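Colleague: I've just opened this one and would like some help reading it. Could we go through it together, feature by feature?

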Amino acid sequence: MFNHIHRFLLACILISATILTHAQNLPQLGKNSIQEVVFAMTLEEKVNLLVGGGMNVPGMPLPGANTEVTTAQKRVLGAAGTIVGVPRLGIPSIVVCDGPAGIHAFNAGQSRLYYATAWPIGTLLASTWDTTLVKKVGAAYAKEAKEYGIDILLGPGLNIQRNPLGGRNFEYYSEDPIVTGNIAAAMVEGIQSKGVGVSAKHFFANNQETSRTTVNVIASERALREIYLKGWELMVKRSKPWTIMSSYNLVNGPFTAENAELLTTVLRKEWGFKGFVMSDWFGGRDAVGMMKAGNNLIMPGLGPQKQAILDAVKAGQLDVKVLDQNAADILNIMLLTPTYKGYKFSDNPDLKGNAKISREAAAEGMILLKNNNALPIVPGSSVAVIGNSGYELIAGGTGSGDVTKMYTVSLADGLFHAGFSTDAELYHTYTQYLEDEKARKPKRNLMEELMKPSEPTGEFMLSADRITKIAHTGNYAIISIGRNAGEGSDRNVDGNYNLKENEKELIKNVAEAFHSNNKKVIVVLNIAGPIDVAQWRDNVDAILLAWQPGVEGGNAMADVLSGNVNPSGKLATTFPASYSDDPTGKNFPGKEFKDKPLPGMFGQKVFEAEVIYEEGVYVGYRYYSTFGVKPSYEFGYGLSYTDFIYSNLKLNSLTFTDKITATVTVTNSGKVAGKEVVQVYIGAPTNKLDKPATELKAFAKTGLLKPGESQTFTFTITADQLASYQTKLTSWVADAGRYTVKVGTSETVKQSAEFKLLKDIIVEKTDKVLVPNAAINEMTPKATAKK
Ligand code: BGC
């Protein structure tokens, strides 16, 4: 008996020792080289790492989730996805969460994530032109995410705002790649400085929501390089994002997620990207093609995608080395994540501190479009707030870019907090109306709400008597015009870009009543993207473009309206005089081929589609300034409560060799302290290639200048900033000739100077990639002039 027990114990010791030795011998992430760890992974483990662990959305069961994922998903309830680890090799499961304007948890409500900070939308952040501030927002956003256990934020969004109607423009920064690249780089640097990763999205030319998963964008190599890739290039080279999200659309043929020319040649070889690429959710069609193209991670990940990869390896159609490389890229980044580092998150971020930063950023990006001696509002005045959105702030957009926010501050509340007396009866009327209307709306499930958000409540119409009454009691009328937008659809011209008839009527009636009492009328635009202003702006005394300003929006609006903050935002997107002026309108959103149906996401009906970018490089102000079409408010425009003068623009040389420096002084010549954005544009020679009349090359923001105070800036312009993409040479070339440096906005020149470049400079030879698969009748100034 004793012998038996003895032998049994001995056997147990031996088995445990073998297991232990085996475990000790297993490579571990971080202790052994990435190659050793990848080598130790089974094929199934590799595939589980490369295809995400599903998505835990209530009412939407997905095949292919596993228990490890559930554990990671529990950590951050409702996060968009997880990357599945291999515990035996020390590879943790990590969590990715939307983005980009704050944390979005799909099934929040019971979770702590309900209390997240809604930051101002991307378009507002870009309107600050303040990279230091954007970095600060990024850092605060990342700290919040880290305290909730998130490893990677799905943002920032940096597609070009090609057309004013783009449904997700609010998530993006600008129509201009230089603003886009600089602001995005600042955001990425801010987020990653706190040890949280980004997934910069959606790479690339994802400029519309209509047919977003099927549309083939047909564009010239030049337009792609100069407009649609440039901002990405700047951001990737400068801020080294951990990850990039490929987009849903196709460009010149293939899906971006399946395009090796894009993900391998351009992104990795030309730009030196070292992180990993993940697909957009359910994006791409062919899992094996995505693996081969360098789309390392398929999100959110489905069982059939895993099977397809396994089958392809087994059938010899997919070299396992491709999987090894894709896995290695992911593991390299995993080493940086809070989860890998064992960060003990608190579930208790500094929401109060973040609300302050959100408010500061919001006020800094608001743009004063018009001011006929109406603003700032005289302290202690009584104000009549009119318009639904004045009582229910639109803090941000809809879809995955929505934020699971705890509260919002309305304009009416913000003005009240700032010490103005607001009309209590009006307050009651509007809030009651909004509540009643909400109660009447049919309940919709999460997916319906995500893909096609409910229509906003119809504008409450004040009777003529009521308007007459409030025009007697209030010192000012402040009319808020609200617009929302989001994932899944683009905006319309009628009733969205153009004001609705009842909105125009409201503005007209209020203006008549207040003006006849010698009182001022101010319009606040709580909107996601440009709208028409030409048809009504003459009726009002001031217009503040407040965008969608995040949780503290109403307080930030009041900061600017009261003059506590002097507005310093400038447009990073043109406000056309009429939608029909926009050169992209002719090809937006392209055409759908109703005879070519395709299976869509969540059972939606979709069709093959295409859009041809006939405007070429003439997007936004590049068109308006070159073709002499006057917008309502131009790119770079924005008023202040003070004035600035520019002086002493000097170049260090009249001839360009490898760089040139431009120095300019800005002085506050007005009566109150304020900040100014210094914008440097260049006009380049066009004898060999047609070019935009003016292109932004650099910008900077002053500090808060006191009256009389000056600040001097020096900008260095290098050859790559002078270069255009010459398709025949597949090269970036700075043409010899005369260049003009212009300081001002896209339409106004405040100071200018000239220099010469004596010989062409070939700045960079690129690969011949992303070639259009159809003819493009591209617009050029010369071709148009001939007509
Ligand atoms: C959106 C992405 C988002 C992802 C995860 C997709 O529908 O296009 O921007 O990050 O969902 O929620």
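Modeller: Sure. Keep in mind that this is a predicted model. Let's begin with the ligand: by class, the shell around the ligand has six nonpolar, two polar and six charged residues.

Colleague: How many residues surround the ligand, and which are the closest?

Modeller: There are 14 in the surroundings, and the closest are Asp98, Arg168, His202, Asp280 and Glu487.

Colleague: Which side chains should I look at for polar atoms close to oxygen atoms of the ligand?

Modeller: Start with Asp98, where a side-chain N or O atom is 2.4 Å from a ligand oxygen. For Asp280, the corresponding distance from a ligand oxygen to a side-chain N or O atom is 2.7 Å. With Tyr248, a side-chain N or O atom sits 2.9 Å from an oxygen of the ligand. As for cover, the ligand on its own has 310 Å² of accessible area, and the protein covers 96% of that.

Colleague: On to helices. What do I need in order to describe two packed helices?

Modeller: Two packed helices are described by the angle between their axes and the distance between the axes. Here, try α15 (residues 424-440) and α17 (residues 464-473): their axes come within 11 Å and cross at roughly 145 degrees.

Colleague: Which residues meet there?

Modeller: From α15 you have Glu425, Leu426 and Thr429, and they meet Arg466, Lys469 and Ile470 of α17. Sorted by class, the residues of this contact are two nonpolar, one polar and three charged.

Colleague: And how many residues of helix α20 are buried?

Modeller: For burial, look at the relative accessible area: under 20% counts as buried. In α20 (residues 553-562), 10 of the 10 residues are buried. Among them are Met557, Val560 and Leu561, but also Asn555 and Asp559.

Colleague: What do the buried residues of α20 pack against?

Modeller: They pack against two helices and three strands: α13 (351-365) and α14 (411-417), plus β12 (476-482), β13 (520-526) and β14 (542-545). Just after α20 comes Gly563, with a positive phi near 90 degrees.

Colleague: Let's try single residues. Is Ser279 buried or exposed?

Modeller: Ser279 has a relative accessible area of 0%, so it is buried. You'll find Ser279 in the loop between β8 (276-278) and α10 (287-293). A polar atom of the Ser279 side chain lies 2.8 Å from the backbone nitrogen of Met299. If you set aside neighbours within four places in sequence, Ser279 is in contact with several residues, including Met245, Ser246, Met290 and Leu297.

Colleague: What about Glu44: where is it found?

Modeller: Glu44 is in helix α3 (residues 43-50). Glu44 counts as partly exposed because its relative accessibility is 39%. Beyond four places in sequence, Glu44 is in contact with Leu310 and Lys314. Also compare sequence with space: Glu44 and Lys306 are 262 residues apart along the chain, while their C-alpha atoms are separated by 8.6 Å.

Colleague: Now the loop between β9 and β10: what can I look at there?

Modeller: Take Val378, which is in that loop, with β9 at 367-371 and β10 at 382-386. Val378 and Asn475 are 97 residues apart in sequence, with 9.2 Å from C-alpha to C-alpha. Leaving out neighbours within four places in sequence, Val378 is in contact with Phe420 and Tyr476.

Notes: Residues are numbered from 1 along each chain as its sequence is written. This is a predicted model: local features need pLDDT of at least 70, side-chain atom pairs count only at pLDDT 80 or more; totals for chains, interfaces and linings use all residues. Side-chain values use heavy atoms; hydrogens and water are left out. A residue is near a molecule or strand if one of its heavy atoms lies within 4 Å of it. A polar contact is a pair of N or O atoms within 3.5 Å; within protein, one must be able to donate a hydrogen and the other to accept it, and residues adjacent in sequence count only if both atoms are side-chain atoms. Accessible areas come from the Shrake-Rupley method with a 1.4 Å probe; for residues, only the protein chains shown count as cover. Ala, Val, Leu, Ile, Met, Phe, Trp, Tyr, Cys and Pro count as nonpolar, Asp, Glu, Lys and Arg as charged, and the others, Gly among them, as polar. Axes are lines fitted to C-alpha atoms, for helices over the stretch in contact, and angles run from 0 to 180 degrees between N-to-C directions. Helices (H or I, at least four residues) and strands (E, at least two) are DSSP runs, numbered from the N terminus. Contact means heavy atoms within 4.5 Å. Buried means under 20% relative accessible area, exposed over 50%, partly exposed in between (1.4 Å probe, protein chains only).
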